[in-house]
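This briefing covers two helices, the nonpolar cores and two buried charged residues of a predicted model. Please keep the sequence and the structure in view while reading.

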Amino acid sequence: MARLGLLLAMRVSSSALGILFPSWAYSQQQGQPVGVLDNISDLGTDASIELFRKDFVGNSNGEEIKQYDPLFAGDLLVVRYMSVNLILCNQPRSYDYRQKAGPPLMIRACFVQDPPPSRATPQTGGQASVPMGLDRVYAIHKNAPPSGEFVQASETATTNLGDRMVEFAYGDSLERLADYFGVALEAVREQNGFAEGHAPTQGQIVRIPLVSTSKMNWPMHGETRQGDDPRAGLTFADAKGAAVWAASGGVVSDVIPKGQDRYVVEVDHINGYKSQYHGLDLPLLKQGDLVEDNSLLGKVGDEQFDFKVLQGEELVDPRRVLSAMP
C-alpha cells in the first residue's frame, strides 16, 4: 500500500527547498486550488507519494495528501515507484515513476487565456533590439559558454543565471520593452536600479522581471510573425545564436532530435500546458530535468526559432497565454 504523507524537514529542510525552488512560496491560503490528485497506483514495493507545502508564513504544515485532495500552485510532489493521475487546470495529466525518485512535480498556477489578439495589431513591440546571444549571456555572468550536447547545472555551467536580458539598441525605450514583455515599467526600473527618466545607452544590458504565474514569459526578445493558423506558433526572425529561456517552470518532458544537430525541447508546466522550443542546437537540459522560470534551455541553431504552446495535446495560439501580445 502506498504511503501518503508529508516529507518533513528531517528529510529535506525548508531552507534547502527555498534555494532549489525559489518560486515555491505559495500555499492553500494564497489562492484557489488548481487541481486534484485523481488516482494513484503502485509500481513497486517501495511506492510512495509525498507532499511539500508551505503555509502563509513559510512553515511546513502537517497535512497528508490522499486521493481527491486539492492541489495548490506551489505544491511539490515527490513520487517513487507510482503511477499518478492528476486533474490540473481542467486537464488530465498522468505521470509514471518507475525509478526510486523521479523529478519532483511542482504544481503551477493555471495560465489565463486572453481572447485571440487581433491579427491587424501591428507587431512593433521592442523590435529595435535583437535577440540576446547565449554566449553573451554567459559572458555577462563571467561564466564560460557551455559545451557538449547536454550540460547539467551541476557541471560546467548553470542554466539559471537570473533575469532574462535584452541588449538595449538605438531606437528602443524602456516603455517599449516593458510593453513587449508584459511587465510594469516601474518593475523594469526597479530590477535595473534605473531612476525615473533614465534612458539606457546603446548596448546597455536591461534585465527583465518575471511576470505573474498566470502567464507565460517570453522565451526571447525579437521580431515575431505568425502564419495563417496562429495555433502553429510564433516564429522569431534573425535569431541564430540567441539564448532561449523557459516560458515558465516545470519539467523537461522531451528532447527530440530534428535533423543534424537540431533539437526540439518540450517543457511540461504541470498545469495542463506544455511549451515547445524548435531549432535549438545546444540543449542545456535533458529529459526529466527540472526547469525554473528563468532557466536557459539552449541556443538557436538557425536564422529562425519557433515557439509553440499546447493545452493538453492541442496546439493553442501562444499569444493567448504569453504576458503580452506584440
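Helix α4 has four named buried residues: Leu-185, Val-188, Arg-189 and Asn-192. These residues lie on the same side of α4, because they cover an arc of only 100° around the axis. Glu-186 and Glu-190, on the other side of α4, are exposed.

**Helices α4 and α3**

- The cover over the buried residues of α4 includes α3 and β10.
- Gly-193, just after α4, has a positive phi of about 70°.
- Helix α3 spans residues 174-181, and its buried residues are Leu-174, Leu-177, Ala-178, Tyr-180 and Phe-181.
- The buried residues of α3 cover an arc of only 160° around the axis, so they sit on the same side of α3.
- An α-helix has 3.6 residues a turn, so residues three or four places apart point the same way.
- Packing against the buried residues of α3 are α4 (185-192) and the strands β9 (164-167), β10 (205-208), β11 (224-225) and β12 (234-236).
- Gly-182 follows just after α3 and takes a positive phi of about 70°.

**Nonpolar cores**

- The largest nonpolar core has 44 residues, of which Met-216, Phe-236, Tyr-277, Phe-305 and Phe-307 touch the most other members.
- Two or more residues of this core come from each of α3, α4, β10, β12, β14 (250-257), β15 (263-268), β16 (273-280) and β19 (305-311).
- Helix α3 supplies the largest share of this core, five residues.
- Leaving out residues up to four places away in sequence, Phe-305 touches Pro-219, Met-220, Leu-234, Thr-235, Phe-236, Ala-239, Val-244, Tyr-277, His-278, Leu-280 and Val-300.
- There is also a second, separate core of 23 residues, with Ala-47, Val-79, Leu-88 and Val-251 among them.
- In soluble globular proteins, nonpolar side chains tend to be buried together.

**Buried charged residues**

- Which side chain of opposite charge is nearest to Arg-164? That side chain is Asp-293, 6.8 Å away, and Arg-164 is buried with no salt bridge.
- Arg-164 lies in strand β9, and its side chain reaches the backbone oxygen of Trp-218 at 2.4 Å.
- A polar atom of the Arg-164 side chain also lies 2.6 Å from the backbone oxygen of Asp-293.
- Apart from neighbours within four places in sequence, the contacts of Arg-164 include Phe-181, Val-206, Arg-207, Ile-208, Leu-210, Trp-245 and Ala-246.
- Lys-308, in strand β19, is likewise buried without a salt bridge, and its nearest side chain of opposite charge is Asp-306, 5.5 Å away.
- The backbone oxygen of Ala-232 is reached by the side chain of Lys-308 at 2.5 Å.
- Not counting residues up to four places away in sequence, Lys-308 touches Ala-232, Gly-233, Lys-274, Ser-275, Gln-276, His-278, Leu-315 and Pro-318.

**Whole chain**

- The chain contains four helices and 20 strands.
- Of its 326 residues, 52% are buried.
- Among contacts in the chain with a separation of 6 or more, 71% are between residues 24 or more positions apart.

Key: Residues numbered from 1 in each chain as written. Predicted model: local features only at pLDDT ≥ 70, side-chain atom pairs only at ≥ 80, totals over all residues. Heavy atoms only, no water. Buried < 20%, exposed > 50% of the residue type's maximum accessible area, 1.4 Å probe, protein only. Arc of directions from axis to C-beta. Contact = heavy atoms within 4.5 Å. Core = buried A, V, L, I, M, F, W, Y, C linked by side-chain atoms within 4.5 Å. Lys, Arg positive; Asp, Glu negative; His and termini not counted. Salt bridge = Lys/Arg side-chain N within 4 Å of Asp/Glu carboxyl O. Polar contact = N/O pair within 3.5 Å; in protein donor to acceptor, adjacent residues only side chain to side chain.
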